[in-house]
Amino acid sequence: MENETDTGSEDSREVLEDVSSTNTLAAAEYERAVLSGTVYPTTLTFVDPPYFSASLKVEYWWAGDGTVLYGYARQYRAANNGRSSGDITFAVRGTSGQNWERLLTDRAVQDGEWHDIDGGGGVSSPQRLGELYFKFIFDVNNGPDPSQSMTVKIVNPPTITPIAEPLEWRQDLTITGVATTGTVTLTMQSEGGEAIAGAFSASGATRIFTPRAGWAPPGQQKFKVVQLVNGISSPPSALVTLKVRPMRPVITPITQPISGRQTLTIRAVEQGPVTLTMLTGAGATVVGDFSGSGNTRTFTPATAWAPPGEQTFKVVQTVGGVPSDPSELVTLKVKPPKPTITPISQSIEGRHALTITGIAAGTVTLTMLTDAGATVAGTYTGNGTSRTFTPTAVWTPPGEKRVKVVQTVGGVPSDPSDVVTLKVKPPKPAIIPVTQPVEGRHALTITGAQMGVADLTMLTGAGVRIDGTYSSASGGNYTFTPTEAWPPGEQTVKVVQT
């Protein structure tokens with residue numbers, strides 16, 4: 001805003017120029033402008049000499065996309081000389097050549113106090129520049145009436161086009177209502193008036209502002225723009241609230257696979273009050289707690305990670321109600337729970353089935369293993385949380401056999417189950433019938449014995465041990481020779497291998 005003041009003397013009341021715009025402002029129109037929040041107050045004052053000082057409080061605004069200027073006089077004050085016939089002239093001038101000018105009163109009270117006055121109008125001003133003119137003719141006791149006048153040059157405040165969605169990192173803003181004549185300088189500012197570094201491009205009444213750095217701080221921030229035309233500053237534009245996105249957080253990769261309530265580390269967290277939300281790849285919230293401070297947080301899920309298999313997760317941070325873009329998806333290989341083989345206390349034989357519990361939901365692959373990790377071939381039946389395993393072949397070798405089972409979901413294997421010891425019965429041996437009768441220490445041939453590891457015991461039909469020696473025979477058999485001669489009569493015998 002720039003002032004130009006003239007001082008003169010009037011021998012009689014001034015004859016006003018013809019008015020080229022007869023747009024006299026109605027009070028209702030002024031009230032609408034006040035409600036819109038685009039009315040700018042200013043006071044036109046001349047103070048030298050003090051005994052001929054006067055002020056006029058004016059409110060002005062722009063309409064028609066910034067190409068129509070309105071001015072409205074509200075109050076006046078003049079130096080006290082005890083007179084009450086001062087003249088007040090007020091004018092609004094536009095770059096179109098239109099000039100609204102009126103003698104508002106010829107009965108102005110000159111007592112040093114504020115008095116209400118009413119009057120104003122509007123003119124076309126397509127270049128978004130204009131002038132407010134104020135003239136006061138002082139009523140004096142004798143001699144010619146002196147006068148003072150001043151012109152204030154004003155500039156239309158530009159407008160920032162609102163953006164509903166959160167701003168991207170260096171997103172452009174569109175500025176309208178820029179003056180189209182003279183040397184124009186635009187300045188983007190924060191709500192507090194701090195200049196935002198950046199560049200304005202394009203020309204004419206619309207410009208584009210690109211910030212030098214990303215918009216900051218994150219959250220809902222208010223900005224305004226000011227234009228300087230030929231050294232004359234406009235009022236700031238109306239504040240525009242922009243949603244500034246927080247930066248994208250990062251989930252630190254971890255050693256895979258994971259199990260239980262494995263924690264995750266979140267980096268690139270904004271300063272100040274931040275709300276973090278862990279999400280599945282599909283967007284469902286993962287319940288848990290975030291701990292830590294600064295730009296790093298640790299996330300601990302409320303329950304074990306689930307479901308088992310390969311799962312994707314992401315995190316969002318929210319500042320001032322504005323969410324960031326989600327972090328890059330991180331794939332976590334979630335271990336299925338460790339299954340359990342139901343122990344068997346008694347000895348087993350043949351293709352004895354095993355019961356497996358703790359099976360995960362969904363598509364599961366089970367693998368029975370020896371304690372050394374070799375696969376035990378077989379089939380699994382059943383559904384739900386339990387399965388039945390039946391080996392393809394009989395359990396071998398006889399004796400104690402240690403087995404475990406692993407379940408795999410989505411390519412991720414569980415930890416092996418606890419090892420279970422199976423007591424595998426040896427096969428039933430047989431005694432080859434002999435030509436009867438026998439005498440002395442006649443040897444018996446035993447088939448079906450486990451070579452090298454079997455412990456053979458010859459018994460009577462009643463279960464009494466028969467002492468003797470066992471030796472290897474042809475064809476993988478054993479020969480039993482009793483220590484004493486077989487007693488006379490019919491005897492029944494049997495052999496047991498352990």
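## Close-up views of a predicted model

**Figure 1. Surroundings of Thr479 in strand β38.** Once residues up to four places away in sequence are set aside, Thr479 touches Ala443, Leu444, Thr469, Tyr470, Ser471 and Ala473. The model in which these contacts are seen is a predicted one, and within it Thr479 belongs to strand β38, which covers residues 478-482. With a relative accessible area of 18%, Thr479 is classed as buried, because the cut-off for that class is under 20%.

**Figure 2. The chain as a whole, given as the setting for the close-up views.** The chain contains one helix and 39 strands, and its C-alpha trace spans about 175 × 40 × 35 Å along the principal axes. The radius of gyration of the chain is 51 Å, whereas a compact globule of 498 residues would have a value near 23 Å. Buried residues account for 38% of the 498 residues, and the accessible surface of the chain comes to about 25200 Å², with 50% of that area belonging to carbon and sulfur atoms. Of the contacts between residues at least 6 apart in sequence, 64% join residues at least 24 apart. The chain carries 38 positive and 43 negative charges, and the mean positions of these two sets lie 16 Å apart.

**Figure 3. The salt bridge between Arg83 and Asp139.** In the whole structure, a search finds twelve salt bridges, and one of them pairs Arg83 with Asp139, where the closest N and O atoms are 3.3 Å apart. The pair links distant parts of the chain, since Arg83 sits in strand β5 (residues 83-94) and Asp139 in the loop between β8 (129-137) and β9 (145-155), with the two positions 56 residues apart in sequence. The two partners fall into separate burial classes: Arg83 is partly exposed at a relative accessible area of 29%, while Asp139 is buried at 7%.

**Figure 4. The salt bridges around Arg93 and Glu101, and the pair Lys335 and Asp415.** The side chains of Arg93 and Glu101 meet in a salt bridge with an N to O distance of 3.9 Å. Arg93 is partly exposed, its relative accessible area being 23%, whereas Glu101, at 5% relative accessibility, counts as buried. In the second pair, the side chains of Lys335 and Asp415 meet at 2.7 Å, N to O. Lys335 lies in the loop between β25 (330-334) and β26 (340-341) and Asp415 in the loop between β32 (412-413) and β33 (420-424), so this salt bridge ties together parts of the chain that are 80 residues apart in sequence. Lys335 counts as partly exposed at 21% relative accessibility, and Asp415 is likewise partly exposed, with a relative accessible area of 35%. Returning to the first pair, Arg93 and Glu101 are joined with Glu131 into one network by salt bridges that share partners.

**Figure 5. Ile348 and its contacts.** Ile348 is located in the loop between β26 and β27 (354-357), and at 1% relative accessibility it counts as buried. Apart from neighbours within four places in sequence, Ile348 is in contact with Trp395, Leu422, Lys423, Val424 and Lys425. One of these partners, Leu422, is 74 residues away from Ile348 along the chain, yet the C-alpha atoms of the two residues are separated by 7.2 Å.

**Figure 6. Two cis peptide bonds that precede proline.** Ala216 and Pro217 are joined by a cis peptide bond whose omega is about -10°, and Pro217 is placed in the loop between β14 (207-211) and β15 (219-229). A cis peptide bond also joins Ala306 and Pro307, again with an omega of about -10°, and Pro307 lies in the loop between β22 (297-301) and β23 (309-319).

**Figure 7. Positive phi values at Arg128 and Ala268.** Although Arg128 is not a glycine, its phi is positive, at about 65°. Arg128 is found in the loop between β7 (115-124) and β8, and with 6% relative accessibility it counts as buried. Ala268, also a residue other than glycine, has a positive phi near 60°; Ala268 lies in the loop between β19 (264-267) and β20 (275-280), and its relative accessible area of 22% makes it partly exposed.

Technical notes
Residues are numbered from 1 along each chain as its sequence is written. This is a predicted model: local features need pLDDT of at least 70, side-chain atom pairs count only at pLDDT 80 or more; totals for chains, interfaces and linings use all residues. Side-chain values use heavy atoms; hydrogens and water are left out. Helices (H or I, at least four residues) and strands (E, at least two) are DSSP runs, numbered from the N terminus. The radius of gyration is taken over C-alpha atoms; the globule rule is 2.2 Å times the number of residues to the power 0.38. Buried means under 20% relative accessible area, exposed over 50%, partly exposed in between (1.4 Å probe, protein chains only). Contact means heavy atoms within 4.5 Å. Accessible areas come from the Shrake-Rupley method with a 1.4 Å probe; for residues, only the protein chains shown count as cover. Lys and Arg count as positive and Asp and Glu as negative; His and the chain ends are not counted. The place of a charge is taken as NZ of Lys, CZ of Arg, CG of Asp or CD of Glu. A salt bridge is a side-chain nitrogen of Lys or Arg within 4 Å of a carboxyl oxygen of Asp or Glu.
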